[in-house]
Amino acid sequence: MDLLEPVTQAYAWGSHTAIAELQGRPAPTSQPEAELWMGAHPSAPSGLERPGGHTTLDAVIAADPVGELGPECASRFGGRLPFLLKVLAADTALSIQVHPSRAQAEAGFRAENERGLAPGDKSRNYVDDWPKPEILCAITRFEVLAGMRAPQDAAALLKELAVPELDPITAILAEADGPQALTEALAAILAWPADRRAALVAEAVQGCAAVAARGGPYAAACAAAVRISGEHPGDLGVIASLLLRHAVLEPGETVFMSAGGLHAYLHGTGVELLANSDNVVRAGLTPKHIDVPELLKLTDPAVAVPMLDPCPLGGGVFDYPSPAPEFRLYRAELDGREVELPGAGGPRIMLCTEGSAVLRASDRDLTVQRGESCYLSATDGPVTAVGPATVFIATTGLDATPPA
């Protein structure tokens, strides 16, 4: 059992308070802090202390993958920790984005390498050859755009805006006999002529403001679009966002995003668990590299984006079942009772978000305070915990019960 030194990512959309307050540091911070990475991703591995001195988690695993990960995990994932745990703190909207499947990531990464793109090239879509399914559990209320609306629903929303230039797109959606019309509509929006984009976005935002003011089923989505337009003025992503389903997660609620699911996280703080990848293909609401043709190729408008209910396992432990073999997320509400943490026999990372937890393995105890995280190797075996504390446990999905 090792305390981790996570890596903070200072992306522009991040919070000046959320991660610092979680870790007990002074806030507000001088720079936005968007993500706290706990894992072994080669671009930002967590640090830890071992008897030989300070090292990183990726180096520890590379030195003994079977011992650290267990034989099944090491064999299935090529000696690589298959998941990455994060705290995500969004003060402004993230990009509209999609993630590839394993086959798409392998093909895309190979193609960019064959084109001679350097590993750090900003025009890369694929920084590795892994998929990136992900699950997000809200710590605060968390506003998301997740998956695409039904075509007729999207048509009804656009019609409410009363923007004549959008009428051809509205017609495509209203007359659709399948979800592929959503991809056609998205392509049409994102290909809008450059000299007319600002005017179209301005008209659409004005329409959204009117819909938000009068209320109704689209008021919240339109209010979100108005806010996004203030963060990303003139961006066609503001209009594209209206094709996506708008939701607000309450603390403890979770959304699972599979390959092909178009999405954007708008505002809030949550715990995110994902396959150990940083492959993101973007279409708007970002100054980063945008590749609309690749995004349209990857996007599956029929992908379901389920809101997952936690399954109680007893002892204050809750399971968030998802189909990804790379990861499984658990939450434990610990009190004075000793509870065995799930995932023994494989690698685990635990994050404490409230209180203080004492972990007990066969040979030692470890105290993990609010804002701290720790790594449990396969050789740590069964580990129990006692609170009071709220902790999240990340492990692989290899031995987990499949979701119903």
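Me: Helices are DSSP runs of H or I with at least four residues, and strands are runs of E with at least two, both numbered from the N terminus. How many helices and strands does the secondary structure of the protein come to?

Reply: The model is a predicted one, and in this model the secondary structure of the protein comes to 12 helices and 23 strands. The radius of gyration is 22 Å, close to the 22 Å that the globule rule gives for 404 residues, so the protein is as compact as a globular protein of that length. Along the principal axes, the C-alpha trace spans about 70 × 50 × 45 Å.

Me: What share of the 404 residues is buried, and how much area does the protein expose?

Reply: A residue is called buried when its relative accessible area is under 20%, and exposed when that value is over 50%. By this reading, buried residues make up 55% of the 404 residues. The protein exposes about 15,900 Å², and carbon and sulfur atoms supply 54% of that area.

Me: For contacts between residues at least 6 apart in sequence, what percentage joins residues at least 24 apart?

Reply: Contact here means heavy atoms within 4.5 Å. Among the contacts between residues at least 6 apart in sequence, 73% join residues that are at least 24 apart.

Me: How far apart are the mean positions of the positive and negative charges?

Reply: The protein has 29 positive and 50 negative charges, and their mean positions are 2 Å apart.

Me: Now to a single strand: how many of the residues of strand 8 are buried, and which strands pair with strand 8?

Reply: To read a strand, one can look at its cover, at the two ways its residues point, and at its partners. In strand 8, residues 134-138, 5 of the 5 residues are buried, so this strand is largely enclosed by the rest of the structure. Glu134, Leu136 and Ala138 point one way from strand 8, while Ile135 and Cys137 point the other way, and all of these are buried. Strand 8 pairs in the antiparallel sense with strand 11, residues 254-257, over 4 bridges, and Glu134 stands opposite Met257 of strand 11. Strand 8 also pairs in the antiparallel sense with strand 12, residues 263-275, over 5 bridges, where the bridge partner of Leu136 is Glu272.

Me: Is Thr254 buried or exposed, and what does Thr254 touch?

Reply: Thr254 lies in strand 11, and at 0% relative accessibility Thr254 counts as buried. Not counting residues up to four places away in sequence, Thr254 touches Ile135, Leu136 and Cys137, together with Leu249, Pro306, Met307, Leu308 and Tyr320.

Me: Which residues is Leu69 in contact with, and how far is Leu69 from Gly284?

Reply: Leu69 lies in helix 3, residues 65-69, and counts as buried at 1% relative accessibility. Leaving aside neighbours within four places in sequence, the contacts of Leu69 include Ile61, Ala74, Arg80, Leu81, Pro347 and Ala378. From C-alpha to C-alpha, Leu69 and Gly284 are 38 Å apart in space, and in sequence they are 215 residues apart. For another pair, Gly234 and Ala198 are 36 residues apart in sequence and 4.9 Å apart in space, again C-alpha to C-alpha. Gly234 lies in the loop between helix 10 and helix 11, and is partly exposed with a relative accessible area of 39%.

Me: Where are the cis peptide bonds that join Ala27 to Pro28 and Gly387 to Pro388?

Reply: A cis peptide bond can be read from its omega angle and then placed along the chain. For the bond joining Ala27 and Pro28, omega is about 5°, and Pro28 has its place in the loop between helix 1 and strand 3. For the bond from Gly387 to Pro388, omega is near 15°, and Pro388 has its place in the loop between strand 22 and strand 23.

Me: What is phi for Ala162 and for Leu285, and is each buried or exposed?

Reply: Phi of Ala162 is near 55°, a positive value in a residue other than glycine; Ala162 is found in the loop between helix 6 and helix 7, and counts as exposed at 61% relative accessibility. Leu285, also not a glycine, has a positive phi of about 60°. Leu285 lies in the loop between strand 13 and helix 12, and is buried, with a relative accessible area of 2%.

Note on methods
Residues are numbered from 1 along each chain as its sequence is written. This is a predicted model: local features need pLDDT of at least 70, side-chain atom pairs count only at pLDDT 80 or more; totals for chains, interfaces and linings use all residues. Side-chain values use heavy atoms; hydrogens and water are left out. The radius of gyration is taken over C-alpha atoms; the globule rule is 2.2 Å times the number of residues to the power 0.38. Buried means under 20% relative accessible area, exposed over 50%, partly exposed in between (1.4 Å probe, protein chains only). Accessible areas come from the Shrake-Rupley method with a 1.4 Å probe; for residues, only the protein chains shown count as cover. Lys and Arg count as positive and Asp and Glu as negative; His and the chain ends are not counted. The place of a charge is taken as NZ of Lys, CZ of Arg, CG of Asp or CD of Glu. Two strands pair if DSSP finds at least two bridges between them.
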